[in-house]
Amino acid sequence: MKEYFYKLADLAVSKTKAGEFIYLNLRGEESDFIRLNHAKIRQNGHVSQYYLSITLIFGGKQAHHSLSLSKNFETDSMSVSNALNSLRDIIAQVEIDPYILYSTEVNSTETVLKNELPESENVVNEIITSAKGLDLVGIFAGGNIIAGFANSAGQKNWFEKPGFNFSWSVYHSTDKAVKSGYAGYKWDESRFNAKMEKVRTELEIMKRTPVTIKRGKYRVYLAPSALEDFFGVIGWGGFGIKSQKTKNSSLIKLVENEVTLNEAVTVTENTIEGSSPNFNSTGFIKPDVVKLIEKGKHAGSLVSPRSSKEYGEIQNGANGYEMPESLEMNGGNIVATDILKVLDTGIYLNNVHYLNYSDRASCKVTGMSRFAAFYVKNGEITAPINVMRFDESVFKMLGENFVDATSEREMLISTDTYGQRSTESSHLPGIIVKDFSFTL
């Protein structure tokens, strides 16, 4: 597909007129999707899709056009030619855009991860065998994801990473369930079986009579999947330079040094270790690592090309929303086998949901406990807890109330398949915090 895209891009560039500049983006996938219910295959299919977007720039104006590729060169080349003609008509009618910024220096790259994925059929058979006797519901998605870029200057970039994501829940009864997930680039049978064994253990605990905890402050363990949801909320403009300059960022107090976090907390946008392309849609190459929080203090921001032009900041390849795509938090000192011991007495949260800001300026987030949430006493899980609402400041969670993080971290790849499989990822530890507020 790489050579096909480059051939199509060369054709498009050859059709540009004097003063015109174009760049093209390709996004595509070859993915298997298999849905399971009651540990049986209920739906399976394969998606093969490739979308091309063309941006034409002329006289300080720009216009965009997107189309689906047929992989028939005659058909697609005609579509590209028609798209360019349409863009010329559009650009004649739009206003000058003062914040256009795109790559004109040639920085060609190629990232291709070797495909080590087993056949999806073999993976699903293994899942079904491992889930024998369980009421498992979930979806497996696996295959190759690609991205490409080319422009009038002769720059060409290619990204290809095969991967998989299996997200599942095992139900005890009604809404009582244990949720888990496994994602990566190489299927490890022993690691998957370990996750399934943990699910079986927690499912047995879910059979115990649940307890309702009182409102108040508790010592809490947030598993990586729960912490991911908190960072997901913060990512809505929190790390972006535009939201920070306009004072809309939930991290503004951290940015302006009104608050600091625990010095053990370091957060980065780690593109080199993530699952997203190392180039953005306008052709700028992303740094391997962008420091966002270092030893508890603000260290940097995500700066898109448009914000770079608007605010006079140096762009670092951030997307238009200036949201993290490869977020990473450093680990701590707690080994996995000691989590309950260090927690001692408190709440163990595997998952949370319905998160939203309750006070953006204070980075305060509210949400609900979900699935396998347990009460722990003297280092032992005693019972599941009924659903509770929490309302807590992330500044406190990662600041004065931060106890420690696990040394082991988990790679979490987004399960979003809206339009196509997402390449966003997080690499996070679990954390223990004190005085975490449950309100209802």
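Student: Before we start, what counts as exposed here?

Tutor: Exposed means over 50% relative accessible area, and buried means under 20%. Keep in mind that this is a predicted model.

Student: OK, so which residues of H2 are exposed?

Tutor: Glu-74, Met-78 and Asp-89 are exposed, on the other side of H2 from its buried residues.

Student: And which ones are buried in H2?

Tutor: Asp-76, Ser-77, Val-80, Ser-81, Ala-83, Leu-84, Leu-87, Arg-88 and Ile-91. They cover an arc of only 155° around the axis, so they sit on the same side of H2.

Student: What do those buried residues pack against?

Tutor: Helix H1 (2-14), plus strands E1 (21-37), E2 (40-58) and E3 (61-68).

Student: What span should H2 have, going by its residues?

Tutor: H2 runs over residues 73-91, which is 19 residues, so at 1.5 Å a residue the helix should span 27 Å. The end C-alpha atoms are 26 Å apart, which agrees.

Student: Which residue caps the N-terminal end of H2?

Tutor: Asn-72 does, with a side-chain oxygen 3.2 Å from the backbone nitrogen of Glu-74.

Student: Switching to rings: how many aromatic pairs are there?

Tutor: The structure has 24. One of them is Phe-5 with Tyr-6, a tilted pair at 5.7 Å centre to centre with 45° between the planes. Both Phe-5 and Tyr-6 are buried.

Student: Which residues do ring pairs link into a cluster?

Tutor: Phe-140, Phe-164, Phe-166, Trp-168, Tyr-182, Trp-187 and Phe-192.

Student: And which ring does Lys-7 lie over?

Tutor: Lys-7 lies over the face of Phe-73, 4.3 Å from the ring centre. Lys-161 lies over the face of Tyr-185, at 5.0 Å from the ring centre.

Key
Residues are numbered from 1 along each chain as its sequence is written. This is a predicted model: local features need pLDDT of at least 70, side-chain atom pairs count only at pLDDT 80 or more; totals for chains, interfaces and linings use all residues. Side-chain values use heavy atoms; hydrogens and water are left out. Rings of Phe, Tyr and Trp (its six-membered ring) pair if their centres lie within 6.5 Å; planes under 30 degrees apart count as stacked, over 60 as edge-to-face and the rest as tilted. Buried means under 20% relative accessible area, exposed over 50%, partly exposed in between (1.4 Å probe, protein chains only). A charge sits over a ring if NZ of Lys or CZ of Arg is within 6 Å of the ring centre and within 35 degrees of the ring normal. Helices (H or I, at least four residues) and strands (E, at least two) are DSSP runs, numbered from the N terminus. The expected span of a helix is 1.5 Å times one less than its number of residues. The arc is that of the directions from the helix axis to the C-beta atoms. Contact means heavy atoms within 4.5 Å. A polar contact is a pair of N or O atoms within 3.5 Å; within protein, one must be able to donate a hydrogen and the other to accept it, and residues adjacent in sequence count only if both atoms are side-chain atoms.
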